[in-house]
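Subject: Structure for you to look at

Dear colleague,

Here is the structure I promised to pass on, and below it I have set out what was found in it. Please keep it open beside you as you read.

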There are 2 protein chains.
Amino acid sequence: MKQIIDQANKIAIERMLNAQAVWVDIKPAHEVVEGMDKYTLLHAGPPIEWSNMSGPMKGAVIAALKYEGVAKDDKEALDLAEEGKIKFSPCHHHSAVGPMTGITSYSMPLYVVENKDQGNFAYSTINEGAGDVLRFGAHSDNTVKRLKWIEEVLAPVLKKVVNSMGGINLNVITAQALHMGDELHMRNGSSTAVFIKTIINALVDVVEDKNELKEITKFLTTNNDQFFLNLAMCACKISGDAAHGVENSTIVTAMARNGVNIGIRVSGLGDQWFTAPAAAVEGLYFSGFTAKDANPDIGDSAIMETGGVGGFAMATAPAIVKFLGAGGYQDAINYTMDMYEICDTENSQYTIPNLDFRGTPTGIDIRKVVETGIAPAINTAIASKEPGVGMIGAGVSRAPIKMFEDALVAFAEKMNL
Amino acid sequence: MKQIIDQANKIAIERMLNAQAVWVDIKPAHEVVEGMDKYTLLHAGPPIEWSNMSGPMKGAVIAALKYEGVAKDDKEALDLAEEGKIKFSPCHHHSAVGPMTGITSYSMPLYVVENKDQGNFAYSTINEGAGDVLRFGAHSDNTVKRLKWIEEVLAPVLKKVVNSMGGINLNVITAQALHMGDELHMRNGSSTAVFIKTIINALVDVVEDKNELKEITKFLTTNNDQFFLNLAMCACKISGDAAHGVENSTIVTAMARNGVNIGIRVSGLGDQWFTAPAAAVEGLYFSGFTAKDANPDIGDSAIMETGGVGGFAMATAPAIVKFLGAGGYQDAINYTMDMYEICDTENSQYTIPNLDFRGTPTGIDIRKVVETGIAPAINTAIASKEPGVGMIGAGVSRAPIKMFEDALVAFAEKMNL
């Protein structure tokens with residue numbers, strides 16, 4: 001039995017490691033999400049109904065419905081949702097991922113990332129930067145205006161950029177950034193700087209209007225160090241999806257939080273989610289906020305840890321541990337060392353200089369999580385539980401062991417053990 | 001006696017640590033170097049005559065004389081030099097620093113960097129990028145053409161950029177880059193990326209012609225990861241100069257190599273250079289080259305180590321040790337730990353995450369070098385000894401102990417010990 005599982009995991013792991021994420025295009029959500037209309041919204045995490053959604057997710061729903069023009073104000077948006085007129089579906093069910101609330105609607109331009117190994121695709125919205133942004137539940141006029149600007153100005157330009165460059169290999173940027181102090185979940189300063197450097201020539205080339213160019217460079221360089229995150233999430237999503245669906249494999253292929261629950265999916269267990277209440281995040285709060293203001297853990301960005309970076313690569317980014325309130329240098333090392341205990345392999349594409357260039361711990365095995373009792377560490381932003389307030393801190397959450405236990409039970413049942 | 005020296009060193013060290021390097025302008029060399037004419041050339045390292053110069057430095061002299069139009073070809077340039085028509089002077093004698101050959105001529109645009117603490121200035125040329133560049137002794141038509149382009153296109157734009165931004169604090173970029181895996185001597189990928197990100201909005205703003213903008217962004221982003229080095233050298237030069245001239249201080253304020261000799265200057269010992277033959281560099285050679293092809297250690301860039309970064313900050317940049325052929329992660333740590341032994345202080349502005357945010361070792365004390373026998377480690381490029389071939393490898397050199405011994409003897413004599 002162990003041999004069968006190990007063999008299956010080997011296949012899943014190979015697909016995960018061999019994934020080559022290339023950003024190839026930008027398309028509106030409705031072109032890549034089958035059956036999507038303006039009353040369909042994708043959200044972060046496992047499935048959730050409107051009535052159960054957290055404050056920030058509800059706020060983001062309002063923003064998206066106003067952005068799509070199906071509601072003229074907050075009240076109309078709320079009414080539509082209350083009346084059950086909106087179809088909700090997890091991003092993860094559509095090869096997509098969304099940070100924080102993850103709310104993704106019909107007209108939003110999405111990154112199209114292709115796995116040059118297995119041929120699968122992943123999609124994500126374009127990062128809105130900081131401030132009153134939809135992903136944290138803001139739904140002001142300014143939130144909607146920024147989304148429109150992304151759709152009408154930024155996205156067409158980025159589409160031209162990536163088309164003119166013939167695609168951009170995201171694994172290469174990720175590998176570089178891991179040698180530049182990014183763990184790529186909560187610290188993306190280096191990946192974003194490398195990304196800007198990578199596209200700048202094409203950007204200057206494709207934009208005819210100088211003021212437009214200024215707007216775009218300003219957007220990319222001002223309070224937007226997390227800009228690369230959404231692309232990095234796509235890269236991890238395609239590796240997770242590539243590893244998914246291998247019969248008898250116990251490898252985790254997705255971890256995601258909707259702000260109320262967190263769920264995992266396992267390669268050999270089909271489309272089932274194994275869920276638990278979303279954890280509180282241990283972390284540091286911005287001035288004026290405390291744990292009482294915090295929404296529980298939220299967002300699809302735990303796909304980063306599923307892919308072996310983020311909290312799993314903490315050792316390469318000791319500067320982040322202070323920001324996360326997670327100790328000092330040795331703690332950064334310890335996080336990563338712990339994650340080796342619950343993973344099946346190391347990613348030789350992604351190495352950690354501080355561990356003498358050891359590969360990042362990759363391929364969470366539900367057996368190992370249950371066996372060791374070590375919960376995956378997820379680096380994360382903390383959202384206010386009130387919609388529209390935004391980010392109020394950052395920290396580390398732990399994926400509850402219960403999900404892995406439940407998955408292991410389901411696995412045993414499936415195997416008739 | 002020890003107390004007097006310690007007290008003097010405290011003053012020197014404080015000036016070194018308090019230096020705030022702000023890039024404020026770009027001016028042609030002749031505007032900032034007193035008495036400079038087109039027959040004056042500045043060079044790296046301690047004083048050296050034409051007849052003793054290394055191959056690459058002679059090549060760079062030819063390039064500069066053609067660039068200035070005082071020689072129409074290589075032969076005319078060589079004749080001028082042979083006939084003693086050219087006045088040579090170290091960059092360091094004019095508040096300037098130059099990487100590798102350091103050849104700096106009348107029309108070359110120089111960075112103007114101001115120390116907002118002590119008010120002194122430092123100057124350096126603009127990095128030419130990779131290839132057949134003057135700093136490695138190339139003197140082809142293309143070398144001269146590139147220098148002209150820097151003078152006529154790039155420099156006026158960078159001048160507008162820095163003027164429009166009201167100055168750029170280089171300490172801030174340095175501190176960031178140290179948290180992004182740069183040691184800022186041989187690894188400047190992060191500092192350069194942050195620099196580009198810092199100036200991009202102003203750059204887009206001040207350049208009217210789109211093709212010119214494309215040329216410039218291409219130059220900055222293509223094989224030019226060391227672009228920030230020259231600015232970083234200015235930052236270290238102003239801190240060294242700020243610490244210079246403190247009576248009774250044994251702190252090293254400059255280390256520099258001219259390709260034949262290496263020299264140091266000491267705060268309390270005036271303008272005297274203490275020299276030794278330039279060391280061979282231990283390192284890795286590019287394909288097709290060996291130690292036999294190498295010029296001895298060359299360049300003013302050892303000002304980086306004088307300022308506490310470069311080889312002294314190796315611990316923060318473990319990814320560089322492989323490139324330098326200097327071992328693995330632990331070796332990176334060891335280099336920095338050794339340097340603490342010969343320095344008087346740690347720079348709390350510049351911290352090393354991998355050492356739990358300990359400050360970089362700063363303020364080389366000639367007493368400690370002699371006492372411990374630990375020679376300062378200098379990260380460096382290796383130039384071919386043939387002019388025009390360029391960079392053939394990279395490695396670590398050691399500043400010969402003899403210079404520190406000689407300086408200590410001179411110091412004792414001065415103190416009548």
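I begin with a single residue, B:I378, which counts as buried because its relative accessibility is 0%; please bear in mind throughout that this is a predicted model. B:I378 belongs to strand β15 of chain B, which runs over residues 377-383. Leaving aside residues up to four places away in sequence, B:I378 touches B:H185, B:M255, B:R257, B:I262, B:A302, B:E305, B:G395, B:V396, B:S397 and B:A399. By contrast, B:S164 lies 36 Å from B:I378, C-alpha to C-alpha, with the two positions 214 residues apart in sequence.

Turning to the two chains together, chain B can be superposed on chain A with an RMSD of 0.0 Å by a turn of 180 degrees and a shift of 0.0 Å along the axis, and the two copies are therefore related as by a two-fold rotation axis. Within chain B, the C-alpha nearest that axis belongs to B:M180, at 2.1 Å from it. Both copies use the same surface, in that 100% of the contact residues of chain B recur in chain A.

As for the interface itself, 33 residues of chain B are in contact with 33 residues of chain A, and the area buried between the chains comes to about 2900 Å², of which 59% is given by carbon and sulfur atoms. There are 6 salt bridges between chain B and chain A, whereas the structure holds 46 over all chains. One salt bridge joins B:K197 to A:D225 at 2.5 Å, N to O, and this pair crosses from helix α7 (residues 189-206) of chain B to the loop between α8 (210-221) and α9 (229-243) of chain A. Its two partners differ in burial: B:K197 is buried, with a relative accessible area of 16%, while A:D225 is partly exposed, at 39%. A salt bridge is also formed by B:D225 with A:K197, where the closest N and O atoms are 2.5 Å apart.

Within chain B, the side chains of B:K368 and B:D344 meet in a salt bridge of 3.2 Å, N to O, which links helix α13 (residues 366-372) to strand β13 (residues 343-352) across 24 residues of sequence. B:K368 counts as partly exposed at 25% relative accessibility, as does B:D344 at 26%. Strand β13 also carries B:E346, which is 12 residues from B:R358 in strand β14 (residues 358-364) of chain B, and these two form a salt bridge with their closest N and O atoms 2.9 Å apart. In chain A, A:K2, A:D6, A:D365 and A:R367 are linked in a network of salt bridges.

Finally, helix α14 of chain A (residues 401-414) has 14 residues and reaches 20 Å from its first C-alpha to its last, close to the 20 Å expected at 1.5 Å a residue. Its buried residues are A:M403, A:F404, A:A407, A:A410 and A:F411; seen down the axis of α14(A), the buried residues fall within an arc of 120 degrees, so they line one face of the helix. The cover over them includes α1 (2-18), β8 (252-258), β9 (261-266), β10 (274-277), β14 (358-364) and α13 (366-372) of chain A. After α14(A) comes A:N416, whose phi is positive, near 60 degrees.

With best wishes

Terms used
Residues numbered from 1 in each chain as written. Chains lettered and ligands numbered in written order. Predicted model: local features only at pLDDT ≥ 70, side-chain atom pairs only at ≥ 80, totals over all residues. Heavy atoms only, no water. Least-squares fit on C-alpha atoms with pLDDT ≥ 70 in both. Contact = heavy atoms within 4.5 Å. Helix = DSSP H or I, 4+ residues; strand = E, 2+ residues; numbered from the N terminus. Expected span 1.5 Å × (residues − 1). Buried < 20%, exposed > 50% of the residue type's maximum accessible area, 1.4 Å probe, protein only. Arc of directions from axis to C-beta. Buried area = accessible area lost by both parts, 1.4 Å probe. Salt bridge = Lys/Arg side-chain N within 4 Å of Asp/Glu carboxyl O.
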